[in-house]
Amino acid sequence: MSKEWPLWEVFIRGQHGLSHRHVGSLHAPDEEMAIKNARDVYTRRNEGVSIWVVEARHIAASSPEEKGPLYEPSNSKVYRHPTFFDIPDEVGHM
Amino acid sequence: MYAQLVKTAGAGVKTREEMSDEERNFQDRVDRDEKIEPKDWMPDDYRATLIRQIGQHAHSEIVGQLPEGNWITRAPTLERKAILLAKVQDEAGHGLYLYCAAETLGVTRDELTEELLSGRMKYSSIFNYPTLNWADIGAVGWLVDGAAIMNQVPLQRTSYGPYSRAMIRICKEESFHQRQGYDIMMKMAEGNEAQRRMAQDALNRFWYPSLMMFGPSDKDSVHSAQSLAWKIKIDTNDELRQRFVDQTVPQAKYLGLTIPDENLKWNEERGAHDFSEPDWTEFFNVIKGKGPCNVDRMEDRVSAWEDGEWVRDGLLAHAQKKAARKHAAE
């Protein structure tokens, strides 16, 4: 078995941020060390107020080749956007 | 540059006719300045070159902690010591970002470490020079980090997404390093005669090694054409070196220090400084492991890795035990 520490992906929610953003990754033996390490590396300059770490092997990602079929259905539904509907000027701001 | 003399894999730049459909599609994306991401198709040589370049860059951050770490216990004031500690911590973080970027290309960090420790992968030649007086810490921040920034700012636009994003993060922090270095140099240059002499001595010793950081002259850098075509590199070695000299000369003048180059002068016609090339024989010797500190640096890294093995294993064993216990309780 490999003796390499597992890889963790790090997500930080910024001071005024609404959501956690992926900021990078690191190796650590367990989640506790991963959070400590993420605190030291990724929040040294007041970058955030909340840290999530998740082991990289638990993440599934979409593949670039599927880009077409994956997003095509939404492209054909223009009526999902508010700009699709013409509202007469007389009605005012809506 | 922290990744000097990276040989681009492959036989040279292919014409469009020689490319396969996949390669043409890839080159088109690069030409449109689209970022290449880990799951995208990429030529094997692109992948290999990037692993080498990012890996070398990461190793440089790690080995680069040693010459500066040399002065932590001897920093002349508590404030300077705290600043130096913060800086060396940053370098560790930069190494980490870069190893992670390299790992998205399908190597593991332990594999890269193994390549470094066995001497199969390089790190920047600059870290094979010793730090002999306190002003050297100033010169390293000002010149070495200055040269690194000169190289890394354009790399923020490099074609491989994870590398480009690592560079954006790193550049923000590097400018703190360069400023703190210059701040040390200002203090030393305004100080007493002995301090001024130390500052001049540091500049004398670090000037040419800093120029070497950009890698060999373009006429000898046979591998850059492909790296430029793939936008792994954005500027040539000589372009970056020239930019560095033009930026640094007025900074030295402000300090009242002399750059150790008799041929250095402003060339009105070119709108740039003429200057002497560094000693390329020395450069190739350092790269081959025959610089002043190559042996010491590698010994330090190897013993840290070997002596630390039981700690790494212990932490892993503890994590596994904890996970098993949690699993049993569920």
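Here is a walk through a strand pair and several salt bridges in this structure, which is a predicted model.

Let's start in chain A, with its strands. Strand β1, residues 7-13 of chain A, runs antiparallel to strand β2, residues 20-27 of chain A, and the two pair over 7 bridges. To get from β1(A) to β2(A), follow the hairpin, which spans 6 residues. If you want a landmark for the register, look at Leu7(A): across from this residue, in β2(A), stands His27(A).

Now for the charged side chains. Side chains of opposite charge can pair when their charged atoms come close. Counting over all chains, the structure has 26 salt bridges, and a few of them are worth a stop.

Staying in chain A, take Arg39(A) and Asp40(A). Their side chains form a salt bridge, with N to O at 2.7 Å. How accessible are the two partners? Asp40(A) has 38% relative accessibility, so it counts as partly exposed. Arg39(A) comes out at 46%, so it is also partly exposed, since that class runs from 20% up to 50%.

Over in chain B, have a look at Glu68(B) and Lys87(B), whose side chains meet in a salt bridge at 2.5 Å, N to O. Glu68(B) sits in helix α3 (residues 65-69) of chain B and Lys87(B) in helix α4 (residues 78-103) of chain B, so this pair ties together parts that lie 19 residues apart in sequence. Is this pair buried or exposed? Glu68(B) has just 2% relative accessibility and therefore counts as buried. Lys87(B) is buried too, because its relative accessible area is 0%; the cut-off for buried is under 20%.

Further along chain B, Arg241(B) forms a salt bridge with Asp238(B), and their closest N and O atoms are 2.7 Å apart. Here both partners belong to helix α10 (residues 237-255) of chain B, and they sit 3 residues apart, about one turn of the helix. The two ends of this bridge fall into separate accessibility classes: Arg241(B), at 1% relative accessibility, is buried, whereas Asp238(B), at 23%, is partly exposed.

One last stop in chain B goes beyond a single pair. Which residues are linked in a network of salt bridges? They are Arg29(B), Arg32(B), Glu34(B) and Asp40(B).

Notes. Residues are numbered from 1 along each chain as its sequence is written. Chains are lettered from A and ligands numbered from 1 in the order in which they are written. This is a predicted model: local features need pLDDT of at least 70, side-chain atom pairs count only at pLDDT 80 or more; totals for chains, interfaces and linings use all residues. Side-chain values use heavy atoms; hydrogens and water are left out. A salt bridge is a side-chain nitrogen of Lys or Arg within 4 Å of a carboxyl oxygen of Asp or Glu. Buried means under 20% relative accessible area, exposed over 50%, partly exposed in between (1.4 Å probe, protein chains only). Helices (H or I, at least four residues) and strands (E, at least two) are DSSP runs, numbered from the N terminus. Two strands pair if DSSP finds at least two bridges between them.
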